[in-house]
Amino acid sequence: KKVIKLSSNENALGASPKALIAYIEHAKDVFRYADGASTLLREKIAQKNNINSNQIVCGAGSDEIIALLTSSFASVGDEIIYSEYGFLMYPISAQRVGAKAIKVKEKNLKTDIEAIINAVNKKTKIIFIANPNNPTGSYLNKEEIIKLVSNIPSNVLIVLDHAYQEFVEVDDFYDGLEIVNNYKNVVLTRTFSKIYGLASLRIGWSYSSQNIADILNKARGPFNVSGPAQVSALASLDDDDFTQASKNHNTKWLKILQNELGSINKIKIHPSIANFILIDFLQNKNCEKVNQKLLENLIIFREMKGYGLPTCLRATIGTDQENEIILENIKKICHEL
């Protein structure tokens, strides 16, 4: 049966055709170890972003970068700060190294800058900020981020997780690369899993000071990014048409879904600038009923109980057909509540 899976924030259009060709052509070389330094990929990323390739570290998804940062800069007795509804890999990574994860309350499902600044103490080693944030879709603008980084001690690492940056279309967002250049304790993480559609290949990267990059290179495994992942990522960086088509599709449907679903009684839509929306059904029982009905109709959304949002479901922007189907289903189900 045809399942509509919209639970993992994957690219609705799949992967770049150029990336798929590169992946297939690489098959003859899978007996060889990949370049442990991801040299060509780092050089390509550097060229596209006008940054130094030596300050880039590639990893098996940005998840690995997050884990490497945590294991390199925090240990037992230390504290790691993250926002109340931030990505769950942050507290998981903290637990892995024996550090204490400090969850800082949000305001209206948005990271509270003042609260994070006030939460910093002598035990604080890392602050994780996802921007845009998963699962809420909210974001911090340039003024807010500058306020944060300029008020945090220089010995505390600030990690700006920009997994969804390529989907952003707001004027007050900021250049994370520039912030890294200006603040030596800031690390930017990016991924090929979202707009580039290479989630299964597990490939991400970080940009940081040379010192932090050197530490990460000592901590990571010697062949942490596979050959198929490297060649596919390289090819995807050459396919600007696919990237733009993905962004255009997302922008179009994000607006439609937020407007259409937002007009339904018994639903609240939280504004998003990523490739997903957070749908609030206002009551636990309603959320559970809607989710069960959707599953019966072979539609998979992401439950938000683990994030402390039991009345919400998160839905990725799907294909044209998938989006039409979920609109039809949710309207019908909510009418029957």
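## Pockets and helix α2 in a predicted model

The second largest pocket of this predicted model has a volume of about 340 Å³. Its lining comprises 17 residues, and Asn49, Glu166, Arg190, Tyr196 and Thr243 are the closest to its centre. Two or more lining residues come from each of α2 (39–49), β7 (186–191) and α10 (240–262), and α10 gives the most, with 4 residues.

A pocket is an open set of points on a 1 Å grid over the protein atoms alone, where a 1.4 Å probe fits, with protein on both sides within 12 Å along at least five of seven lines; lining residues have an atom within 4 Å of a point. Helices are DSSP runs (H or I, at least four residues), as are strands (E, at least two).

The largest pocket holds about 440 Å³ of space. Asp63, Phe87, Asn134, Tyr164 and Lys194 lie nearest its centre, among 24 lining residues. Helix α3 (residues 61–73) supplies the largest share of this lining, 3 residues.

| Lining | Nonpolar | Polar | Charged |
|---|---|---|---|
| Largest pocket | 8 residues | 9 residues | 7 residues |
| Second largest pocket | 7 residues | 5 residues | 5 residues |

Helix α2 has as its buried residues (under 20% relative accessible area, 1.4 Å probe, protein chains only) Leu41, Arg42, Lys44, Ile45 and Ala46. These buried residues pack against β2 (56–59), β8 (204–207) and α9 (227–237). After α2 comes asparagine 50, with a positive phi near 55°.

Residues are numbered from 1 along each chain as its sequence is written. Local features need pLDDT of at least 70 and side-chain atom pairs 80 or more, while totals for chains, interfaces and linings use all residues, and side-chain values use heavy atoms, without hydrogens and water.

Notes
Points joined across faces, edges and corners; volume = space filled by probe spheres on them. Nonpolar A, V, L, I, M, F, W, Y, C, P; charged D, E, K, R; others polar. Buried < 20%, exposed > 50% of the residue type's maximum accessible area, 1.4 Å probe, protein only. Contact = heavy atoms within 4.5 Å.
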